[in-house]
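Subject: Structure handover and notes

Hello,

Here is the structure we talked about. Please open it first, then read the notes below.

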Protein chains: 2
Amino acid sequence: MPSSAERDFVHAHIDDLHADLDAWVRIPSISADPSFAPEVERSATWLAEALRRTGFPTVEIWPTPGAPAVFAEWPSADDGAPVALVYGHHDVQPVDPVELWVHPPFEPTRVDGPDGPELHGRGASDDKGVLVVHLLGLRAHLAATGRDTPAVTVKVLIEGEEESGSPHFAALLEEHQDRLACDVVVVSDTGMAAPDIPSAVTAMRGLADAEITLRGPAVDLHSGSFGGAVPNPLHAMASLLAALHDDQGRVTLPGFYDKVRPLGERERELMGRVPFDEQAWLAGPAASRVATGEQGFTTLERTGARPTAEVNGMWGGYTGPGHKTIIPAEAHAKVTFRLVADQRPEDVAEQVRAWVDAHLPEGIEAEVHAPPGGVAPCASDLGSPWMDALLNSIAQAFDTDPGSVLFTREGGSGPEADLAEILRAPLLFLGVGLPNDRIHSPNERVLLPMLTRGAEAAAHLWRELAALRPRDRVDAAGH
Amino acid sequence: MPSSAERDFVHAHIDDLHADLDAWVRIPSISADPSFAPEVERSATWLAEALRRTGFPTVEIWPTPGAPAVFAEWPSADDGAPVALVYGHHDVQPVDPVELWVHPPFEPTRVDGPDGPELHGRGASDDKGVLVVHLLGLRAHLAATGRDTPAVTVKVLIEGEEESGSPHFAALLEEHQDRLACDVVVVSDTGMAAPDIPSAVTAMRGLADAEITLRGPAVDLHSGSFGGAVPNPLHAMASLLAALHDDQGRVTLPGFYDKVRPLGERERELMGRVPFDEQAWLAGPAASRVATGEQGFTTLERTGARPTAEVNGMWGGYTGPGHKTIIPAEAHAKVTFRLVADQRPEDVAEQVRAWVDAHLPEGIEAEVHAPPGGVAPCASDLGSPWMDALLNSIAQAFDTDPGSVLFTREGGSGPEADLAEILRAPLLFLGVGLPNDRIHSPNERVLLPMLTRGAEAAAHLWRELAALRPRDRVDAAGH
């Protein structure tokens, strides 16, 4: 393995990273459960102290109407140094069903796995493990470059409500817009394709949701007296939802694809090189014999690069034991849409309404509840110098060339688009989680060698970003 | 109004009928609620006493594993007199939502309505009111004909679990088959088309039910990671149920219509003469702007003479507040089928299984739970002399000619087919309920002038049945 000053430092001090992660995972910072609010506060306090200890001269805990965020800033002494903002979250998912955990979720436990040593615990990967690499990474950067301050001004904003939908995050960004001003956002809340496959996430999907209610008779009717002669809202709902996709697997909302940015040739090629064992993937939690979806796209493209519609819940009529011979008065469905750049979540409500109206049988009334907001999709600019800096950093950490760093897409949704839009800064994704880290599930784990690689990549990143010529940076910021 | 001895007696003693009904309705014999079991027993006791008082020499309360039935027999002194069995039920529906009742459900109250005086109370129509006409009717028959015993041997079997699905009725019929032996069954649990439209029900629909479970992933999946790439059981259920009817409104189960007896020309013609204000009907509880259903049939034919399929309940995935971005592991639906002669409820389970298999997308597993049993449809033989006797009786009570008595069909289902099959006797329907009696709903009522007509028709019926020549009866019994 080739040596570098950054690598040497990271390897020499990797126990510090492990100790930090162990201490942080022991704090059950579950934001969804109000009874854990004091633990989320404790997690913020721990993180603030860790940032101070790392050397950040400014560290603040920012309260919100919900859980607190942590802000830190370490200005570069270099004139004109770029400003980078690291984003992540210090809250974690609930642990139910707790009986499925082999080791207690908040007693981090080392386990030897097939790919190397793992640390098990809630948050070990999402997001404490993925974030913690920056503490050691920044120290390695300073030690390797012999500097007293980072080569770029490093700001950090770690929120405490990401696992609860980041309800106060956009307002926090608006409020502290000046102090958060930056040239580039480094999102550390994602993963790579596999332990031996260095890769970078290039986009995250957005989210919009709608609840549809169909109404027929004023009251539940006796199916003996009325059956076969009046519209049944459950039949109407079935027909409606059956028409949500066409025979090509495309979502049928009018205008749904209008703003979809097509996959570029380079990205598609790099995504296509990600090794993906579809049968193994299907045999996992999907427990499916087949992959389905939009025609003309691979499974990885369907889950990352294409917008989708999924019915998440459907109900109406009698659902108890035995049977009840009614035509129910109402039928309900919950549908969510995953969006990709440049779709806008606020467009979806109107599209759903138009679509429902177009499919409504006579005699059925519809009500569509589509809350404002939603989550916007976001995407990196693959051609920007910032992206080159990221790919260089990852390549060095993984002993490969930047052209071998593959691209992946994150199918899930987070507040990253708010960072890009409110701070008007491009997004880079540096995260070393793995697809089988079991985040949000029992027995969450992180692969420890990935954290070592992550700390190295983080260390390289500050040097790489600083090395961009000012001209590059102006161009990049212009995106 | 022309006079007859039967009519004179009924009119002179109508207060007895009203007093009987008042006393019986005061007993809250709700069979569905176990806490009312003593009241169902009290109802049986009251009825047994009323039958004794009417003159039946044999009156017995027959226990079942559920609520008791009442049996009575009054043999005719005439050699070779036919044997008729009156069927009905002494239990009633629950009264929820009780706050919607204008008068307390078990305090029978007279109300002056647009069509004459009404009696309000649970069971006032279904089935205590419809049944009670036989007490006065039989007394009128004896008084008018000057006989000590009826002209036909009258047997009575009044069950106590009809509103709970008659779970022990078929076994009771099997057990007492010998004592229940009869030439014809007179079902008194139905109604007529309108107060001024004498009519006879000719058939009741049967019932079969199925619960369908579709399974996809082993567990609920995150729609960000899996959305758009694996089969969603809710999508599969929507497509399946959307295919339950074709574009002609016909049920798509393979073989579903094979045994359906087509509507005869005479019956269709007589059904077509039933005055039916479709707009008023739709504006009632259906609250619908449109009637829909199988093409080529009227609303009355759709609800009475044609088999139907209705989804009664559907559920799966997340149904709580807000949204949850899952692809659920399972989807469920409950479907019931109304059947007409000569469909067999036991055929439906296999038809549903074949239909589900034919519509199942790859990657979705199906489970169909179709309990054995169900309710068989039943129908009168319109050409039999028994039917002529019924039409004559109704015509006399309504001062019209037998050819003016219209035919209707009962869309609901009951244990009548068991009577026909186990006792091997043809069915006649004599019932004076009305479509707007609000049976099973708050503010159930009966129109008192209909009870007067019913008692007259019941009085005429025994004479009319006895007047059939033995040759007619042999022919009729052969059906």
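Is Ser166(B) buried or exposed? Ser166(B) is buried, because 25 other C-beta atoms lie within 10 Å, and the cut-off for burial is 20 or more. Bear in mind that this is a predicted model.

**Unusual backbone**

I start with Ser166(B), since it stands out in a second way. Its phi is positive, about 50°, although Ser166(B) is not a glycine. The residue sits in the loop of chain B between β6 (153–159) and α5 (169–175).

Asp399(B) is another non-glycine residue with a positive phi, here about 55°. Its loop runs between α13 (385–397) and β16 (406–410) of chain B. The surroundings are thinner by the burial count: Asp399(B) has 14 C-beta neighbours inside 10 Å, so it counts as partly exposed.

Why flag these at all? Because most residues other than glycine have a negative phi, and most peptide bonds are trans.

That brings me to the cis bonds. In chain A, the peptide bond from Asp126(A) to Asp127(A) is cis, with omega near 10°. Asp127(A) belongs to the loop between β5 (116–120) and α4 (128–145) of chain A. In chain B, Ala341(B) and Asp342(B) are joined by a cis peptide bond, with omega about 5°. Asp342(B) is in a loop too, between β13 (330–339) and α12 (345–359) of chain B.

**Chain A as a whole**

Chain A has 16 helices and 18 strands. Its radius of gyration is 24 Å. A compact globule of 479 residues would have a value near 23 Å, so chain A agrees with that rule. Along the principal axes, the C-alpha atoms fill a box of roughly 85 × 50 × 45 Å. Of the 479 residues in chain A, 57% are buried. Take the contacts in chain A with a separation of 6 or more: 80% of them are between residues 24 or more positions apart.

**How the two chains meet**

How many residues does each chain bring to the contact? Chain A gives 65 residues and chain B gives 65 residues. On the side of chain B that touches chain A, strand β11 (residues 308–317) gives the most, with nine residues. That side of chain B has 25 nonpolar, 29 polar and 11 charged residues.

Strand pairing crosses the interface as well. Strand β11 (residues 308–317) of chain A and β11(B) run antiparallel and are joined by five bridges. Within this pairing, Trp315(A) stands opposite Trp315(B). Have a look at that pair on screen.

Now the symmetry. A turn of 180° with a shift of 0.1 Å along the axis lays chain B on chain A, with an RMSD of 0.1 Å. The two copies are therefore related as by a two-fold rotation axis. The same surface serves both copies: 100% of the contact residues of chain B recur in chain A.

**A three-stranded sheet in chain B**

One sheet is worth tracing strand by strand. Start with β4 (residues 109–113) and β5 (residues 116–120) of chain B, which run antiparallel and share five bridges. β4(B) and β5(B) form a hairpin with two residues between them. Asp112(B) stands opposite Pro117(B) in this pairing.

Next comes β18 (residues 445–447) of chain B, which is antiparallel to β5(B) and joined to it by three bridges. Two of the partnerships are easy to find. Glu118(B) has Leu447(B) as its bridge partner in β18(B), and Leu119(B) has Val446(B).

What is the order of the strands in this open sheet? The order is β4-β5-β18 in chain B, with antiparallel pairing. β4 and β18 of chain B are the edge strands, each pairing on one side only. Neighbouring strands are turned by 30° against each other on average, direction ignored. Helix α15 (residues 448–466) of chain B packs on this sheet and touches β5 and β18 of chain B. The direction of α15 makes about 60° with that of β18(B).

Over to you.

Best wishes

Key. Residues are numbered from 1 along each chain as its sequence is written. Chains are lettered from A and ligands numbered from 1 in the order in which they are written. This is a predicted model: local features need pLDDT of at least 70, side-chain atom pairs count only at pLDDT 80 or more; totals for chains, interfaces and linings use all residues. Two residues are in contact if their C-beta atoms, placed from the backbone, lie within 7 Å. Helices (H or I, at least four residues) and strands (E, at least two) are DSSP runs, numbered from the N terminus. Ala, Val, Leu, Ile, Met, Phe, Trp, Tyr, Cys and Pro count as nonpolar, Asp, Glu, Lys and Arg as charged, and the others, Gly among them, as polar. Two strands pair if DSSP finds at least two bridges between them. Copies are superposed by least squares on the C-alpha atoms of residues with pLDDT of at least 70 in both. A residue is buried if 20 or more other C-beta atoms lie within 10 Å of its own, exposed if 12 or fewer, and partly exposed in between; C-beta atoms are placed from the backbone. The radius of gyration is taken over C-alpha atoms; the globule rule is 2.2 Å times the number of residues to the power 0.38. Axes are lines fitted to C-alpha atoms, for helices over the stretch in contact, and angles run from 0 to 180 degrees between N-to-C directions.
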